[in-house]
Structures are given as C-alpha cells and as structure tokens.
Amino acid sequence: MVKIDVKGCEPFVKEEQVKAYVQKALDAFDVLDSETGAGNDFLGWKHLPSQITDGLINDMDAIRESWNKKGVNLVIAIGIGGSYLGAKAVIEALSHSFAKQLKHKDAPEVVFAGNNLSEDYLAELMDLASERNVACIVISKSGTTTEPAVAFRIVKQFLESNYGKREAAERIVAITDAERGALKVLSRQEGYKTFIVPNNVGGRFSVLTPVGLLPIAVAGFDIKALVEGAKKAERALSIKETNNPAVVYAAMRNLLFKECGKNTEILVNYNPKLTYVAEWWKQLYGESEGKDGTGIFPASVNNTADLHSMGQFIQEGTRIMFETVLHVDNARRSVVIESDGQNLDQLNFLSGKHVEHCNHMAELGTRLAHIDGGVPQIEVAIETLDAKRLGELLYFFEFACGISAYTLGVNPFNQPGVEAYKKNMFALLEKPGYEDATKAIKAHL
Ligand code: PA5
C-alpha cells in the first residue's frame, strides 16, 4: 500500500499542531464518509474500484480486440482536463520510454487531442493519421466542451473520408453522459459504441471509469491490475484512524498551508515516467481546492532534471513552498555502473552500483538540503511503478483530496472558475447567443 512519511515536516511544525490538524482531517474524513458535505452528489468515484464489473472490463477489451483485428495502429483519444489527464498519466507511467522509436509493441499508439486549440497541433496530427490505420475515442462528460468538439469534428471528417461513414462509425467510441449533451445525440444518430461517465463522478475523479480505462486498455495495459490496486486502496483508506495515509497527507498539507504560510505544494518525482501523474495530480488538487480565494497552488518538478533549473529557487528563493516527494522503492529495470580502466570521470567509486541507487541518494540528499533551506518534506511512497501500484496511488490521491478540501472548508467537487474563460472566448468568437457579451468585451479592447 501507499506509504506516507512526514518526518521531513518535523522541524517546521509543533506536535500539538500536528494533533490538531489530524483531528481536523479526521472530522473531514467523517464528512466524506457520511456523504454529508458540499458536492455530495459527486461522490460516485469513492466506490468505483469495488464496483467495476467484469462485464464493463470485457466490453472495453472487446473494443481493443475489434480494433486490433482491423489492424488499427493509432488511436486518437480526444478530451481535455479530467477527460484525458488520467489516461495520459497511466499510459506514460507504464510505457517504455522509447516505445515509439522501438515500435516493438503490438498495441496501437494512443495519442491525445482536444486538449488544446493549436492549429499546428491538429494539422500535424492529421499528417500522422494519414500514414496510419486510425481509430478514435472521443471523451466529454458534458459533450459540449469546445476544445474536444473542434478536434472531434476534424478527426470524424478524416475518418469518414478515409474509411467511409459506416466503417468510421466502427472506429469511433464515445464516452459521455448517459442522457445529455451533443455527443450523446451524435452517438445515437451515428450508431457509435458508447460508454457512460456516471452522473456522480466529476471529470478529474474519472480515471477509473471508461474515461481513463478505455484508452489505457487499448494502449495494451492491464486495467484489471490498475483497478485491483485501486480496490486495495479503497479498502485500506476507508478505515478511520490517525495513521490513515490519506488523513495524514490531508492534515499535513493543510497545517503547512494555514500555520506555516506554505501556499505552494511541489509534487516531486525522480522518474520521467511520472511527469503526467503530476499533471493529473495538479488538476485534481488545483480544481478541487483552488476556490473561494483559498487553496494551495499545486506545482511539480521532474528531478533530477529540474534540480538544474528550479533547484536554485526551491533551495533559496521565496520561502512559500513545501514538497511532496513521490518515492518509488524499486526500478522496473536494472542498469549497473561498470568499472572503467582509465577512470577519467572519477566515477569508479560507483562501480557495481545500480543507477537507481544513485537516484535514491540524489533524492535523499535533495530532501535533506531542502529541509535545511526551509522547505518541509512529505514523502509518498510506492513499491514499484506498475499498474497495481499506480491504481493504489491514484485512488490515494483522490481520497486524500476529498479529505483535504473538506479540511480546508471548500467544496472539492465543483469548478465554477473554469467557466470564466469560456464566456470571454465565446464572446470573442461571436457565438450566437453571446451578442451582448461580444459587444461588452469588444468595448474593452
Ligand atoms: O474535472 C473536470 O470536471 C474538468 O476538468 C473536465 O474534466 C473538463 O473540463 C472536460 O469536461 P468534459 O468532459 O465535460 O468535456
């Protein structure tokens, strides 16, 4: 199970403060557990791991198999925010770093679109598509989000003109609301296979629904193991106790924020495969807590690379941050540093050592230096980076997020601030219905 170590916070906090914040987090645990808090109509994610049926997994496997039979080697997964980050995080974490160059994987390559409005990106995506055998998963809970809708219009037209309307329909799967939204209507009309995003699961908590699971499955990864890990975490974290890792994490980050003025949390990894886990985590915590004029700003670094760019600021810049270090006990692969006859680089003292040993010493050395520099440290550890441990980690962060946001006193499950840019964008694009807003915004320019 995910382990948490908060010894790196001890120099910054008093014991009675820790006790008080653990109590606050336990109270928040009760609110989450009893489903009596704000946003309690969005708690479907809590029991997703234990409720996923074999039937649903089989349905997703059937899509993977039917596309494999067609020789599909490129799947374009269209979605933004919670409708793409979970899948991207898991696929990046489990993939070979050079899978594209090695091309030794049977499963199709999954690429993402609809998470930006860059014309260059879409044009280049079509360059790639025109050389490949393509299918598409379009994901939008609301079915009305502009970025994925624009991308889907282009990809749909590409598929229809290359494969014909009927075959295109077999190469498109839609994941959306059970009843509402343009994507639902279109899917009914065109006969697309659909999967449902449950009503009571918000985008950023949807990685363990088909939103995350289908792209991960078609990319060839073991979604059963991912769900198994999440199920283990669901069981372990449901126990109300002071050393529940989710309670400890929620308590400590709120304590550092409220009592120590640490308003920025940096999620630190020492494996580039975790870059998108950090991006997923940033959305989860940023959208869940950043509201009502409060919240911890979620940031991330990829070490050791970023020790040579952000390291200076973290060590000696404005003292606003604490770090949560994602520690992985064991590497998946083994590379040992060999002795060198000349030893010009003077690295023979490392002969016989695993590279991961050096990585762990870099991690430990950095944490000690950052404590000396005034940056409290939380460690969140998993045994290794496989599907099961990743499932544990994702569920841990979701559950802890619910507790943490309730400890902070905000509704974790809404995101009213996301609408502001959309209103301005539609006004500037002169969308029908926005005439007054268009006039008003143009007067400001
Ligand atoms: O967490 C959220 O709810 C958001 O980030 C959504 O996932 C994102 O805005 C995409 O929304 P939709 O799936 O409705 O297109």
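These are my notebook entries on the ligand, the pockets and cavities, and two backbone details of a predicted model.

**Ground rules.** I number residues from 1 along each chain as its sequence is written, and I leave out hydrogens and water, so that side-chain values use heavy atoms. Since the model is predicted, local features need pLDDT of at least 70 and side-chain atom pairs count only at pLDDT 80 or more, while totals for chains, interfaces and linings use all residues.

**Entry 1, the ligand.** I looked up which residues surround the ligand, where a residue is near if one of its heavy atoms lies within 4 Å of the molecule. There are 13 residues around the ligand, and those that come nearest are S83, S140, S142, T145 and Q283. I then sorted this shell by class, with Ala, Val, Leu, Ile, Met, Phe, Trp, Tyr, Cys and Pro as nonpolar, Asp, Glu, Lys and Arg as charged, and the others, Gly among them, as polar. The shell holds 9 polar, 3 charged and 1 nonpolar residues.

Next I looked up polar contacts, meaning pairs of N or O atoms within 3.5 Å; within protein, one must be able to donate a hydrogen and the other to accept it, and residues adjacent in sequence count only if both atoms are side-chain atoms. The side chain of T145 places a polar atom 2.5 Å from an oxygen atom of the ligand, and the side chain of S83 has an N or O atom 2.6 Å from a ligand oxygen. With G203 the contact comes from a backbone N or O atom, which lies 3.4 Å from an oxygen atom of the ligand. Taken alone, the ligand exposes 380 Å², of which the protein buries 88%; these accessible areas come from the Shrake-Rupley method with a 1.4 Å probe, and for residues only the protein chains shown count as cover.

**Entry 2, the largest pocket.** I worked on a 1 Å grid over the protein atoms alone, where a cavity is a set of points that a 1.4 Å probe fits but cannot leave, a pocket is an open set with protein on both sides within 12 Å along at least five of seven lines, and lining residues have an atom within 4 Å of a point. The ligand sits in the largest pocket, in the sense that more than half of its atoms lie within 2 Å of the grid points. This pocket has about 940 Å³ of space, the volume being the space filled by probe spheres set on points joined across faces, edges and corners. It is lined by 35 residues, and Q283, E287, Q415, V418 and K422 are the closest to its centre. The lining divides into 15 polar, 10 nonpolar and 10 charged residues. The helix α13 (275–289) is one of the elements that give two or more residues, and α13 gives the most, with 5.

**Entry 3, the cavities.** I found 2 cavities of 30 Å³ or more. The largest has about 50 Å³ of space, and its lining is Y270, N271, L326, V328, E356, N359, H360 and E363. Here α15 gives the most, with 4 residues. The second largest cavity has about 30 Å³ and is lined by F42, G202, R204, F205, P412, F413 and Q415.

**Entry 4, the backbone.** The peptide bond from N303 to T304 is cis, with omega near 10 degrees, and T304 lies in the loop between β8 (297–302) and α14 (311–316). E35 is not a glycine, yet has a positive phi of about 60 degrees; this residue is in the loop between α1 (15–34) and α2 (48–51). Helices (H or I, at least four residues) and strands (E, at least two) are DSSP runs, numbered from the N terminus.
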